[in-house]
Amino acid sequence: MHFLIWGFLVWLGATLIFRFLGHFFFNPENALLLLLSYLLVVPVIFLLTYPLYKLKGLTKDERLKAAMFIALPGMFIDTIVLVIFPDVFTNLSVESDRYFGSWLLWAYSLILMTGIFPRKK
């Protein structure tokens, strides 16, 4: 349950950031910032997951289950959010929805990968 709540809070934080600042990250006319949004999420995801796994002392199997529970709330909620994209992300152009959707898949994949691959020491 702890990881589901954490996943919801991560989703909420990211959604609020993109609701108010998304136009800086998902502007199709600025390829550099778009690329940076894909690159910068990698360390952010690692910081949001690996320390938590270590704090909880999770085994390999528990880590995979925790990663799934972290990713699931956002994945479920974003299926609705993407349908009403223009209403939620009023600061983003409708054309940027494909980049946002792609970024979401990338971020959720990274979360799931943290449950599969151990952090190198």
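# Notebook: helices, bends and a pocket

**Entry 1: helix α2.** I began with burial, and found that Leu34, Ser37, Tyr38, Val41, Ile45, Thr49, Tyr50, Leu52 and Tyr53 are the buried residues I can list for α2. A reminder to myself: this is a predicted model.

Next I looked up the length of α2. Its 26 residues should span 38 Å at 1.5 Å a residue, and the end C-alpha atoms are 39 Å apart, so the two values agree. I then looked for a bend, and found one of about 25° at Val41. A proline, Pro43, follows within four residues of that bend.

I also picked out Leu47, which lies in helix α2. Is Leu47 buried or exposed? Leu47 counts as exposed, because its relative accessibility is 64% and the cut-off for exposed is over 50%. I checked one distance from here too: the C-alpha atoms of Leu47 and Pro28 are separated by 27 Å, with their positions 19 residues apart along the chain.

**Entry 2: helix α1.** Here the length check came out another way. α1 has 24 residues, and a straight helix would reach 34 Å at 1.5 Å a residue, but the end C-alpha atoms of α1 are only 30 Å apart. Where does α1 bend? I found a bend of about 65° at Arg19. For burial in α1, I noted Phe3, Gly7, Val10, Trp11, Thr15, Phe18 and Gly22.

**Entry 3: helix α3.** I repeated the length check on α3. Its 22 residues should span 32 Å at 1.5 Å a residue, and its end C-alpha atoms are 32 Å apart, so this agrees. α3 has a bend as well, about 30° at Ala71, with the proline Pro73 following within four residues. Both Ala71 and Pro73 are on my list of buried residues in α3, along with Arg63, Ala66, Ala67, Ile70, Gly74, Asp78 and Val81.

I took a closer look at Ile70, in helix α3. Ile70 has a relative accessible area of 3%, and is therefore buried; the cut-off is under 20%. How far apart are the C-alpha atoms of Ile70 and Leu4? They are separated by 5.4 Å, although the two residues are 66 residues apart along the chain.

**Entry 4: helix α5.** I chose Phe100, which lies in helix α5. Phe100 counts as buried because its relative accessibility is 2%. The C-alpha atoms of Phe100 and Leu72 are 18 Å from each other, and the residues are 28 apart along the chain.

**Entry 5: the largest pocket.** I found about 460 Å³ of space in the largest pocket. The elements giving two or more residues to its lining are α1, α2, α3 and α5. In total 26 residues line this pocket, and those nearest its centre are Ala14, Phe18, Val41, Val44 and Trp103. Val41 is familiar from Entry 1, as the site of the bend in α2.

Which helix gives the largest share of the lining? α1 does, with ten residues. I sorted the lining by class, too: 20 residues are nonpolar, five are polar and one is charged.

**Entry 6: the record.** Last, I opened the UniProt entry, which is unreviewed. It annotates residues 5-26, 32-53, 65-86 and 98-117 as "transmembrane region". I compared two of these spans with the model. Residues 5-26 are 95% helix and 0% strand, with end C-alpha atoms 27 Å apart. Residues 98-117 are also 95% helix and 0% strand, and their end C-alpha atoms lie 28 Å apart.

Notes. Residues are numbered from 1 along each chain as its sequence is written. This is a predicted model: local features need pLDDT of at least 70, side-chain atom pairs count only at pLDDT 80 or more; totals for chains, interfaces and linings use all residues. Side-chain values use heavy atoms; hydrogens and water are left out. UniProt positions are given in the numbering used here, feature names are shortened, and annotations may be inferred rather than shown by experiment. On a 1 Å grid over the protein atoms alone, a cavity is a set of points where a 1.4 Å probe fits but cannot get out, and a pocket is an open set with protein on both sides within 12 Å along at least five of seven lines; lining residues have an atom within 4 Å of a point. Grid points are joined across faces, edges and corners, and a volume is the space filled by probe spheres set on the points. Ala, Val, Leu, Ile, Met, Phe, Trp, Tyr, Cys and Pro count as nonpolar, Asp, Glu, Lys and Arg as charged, and the others, Gly among them, as polar. The expected span of a helix is 1.5 Å times one less than its number of residues. The bend at a residue is the angle between axes fitted to the seven residues ending there and the seven starting there. Buried means under 20% relative accessible area, exposed over 50%, partly exposed in between (1.4 Å probe, protein chains only).
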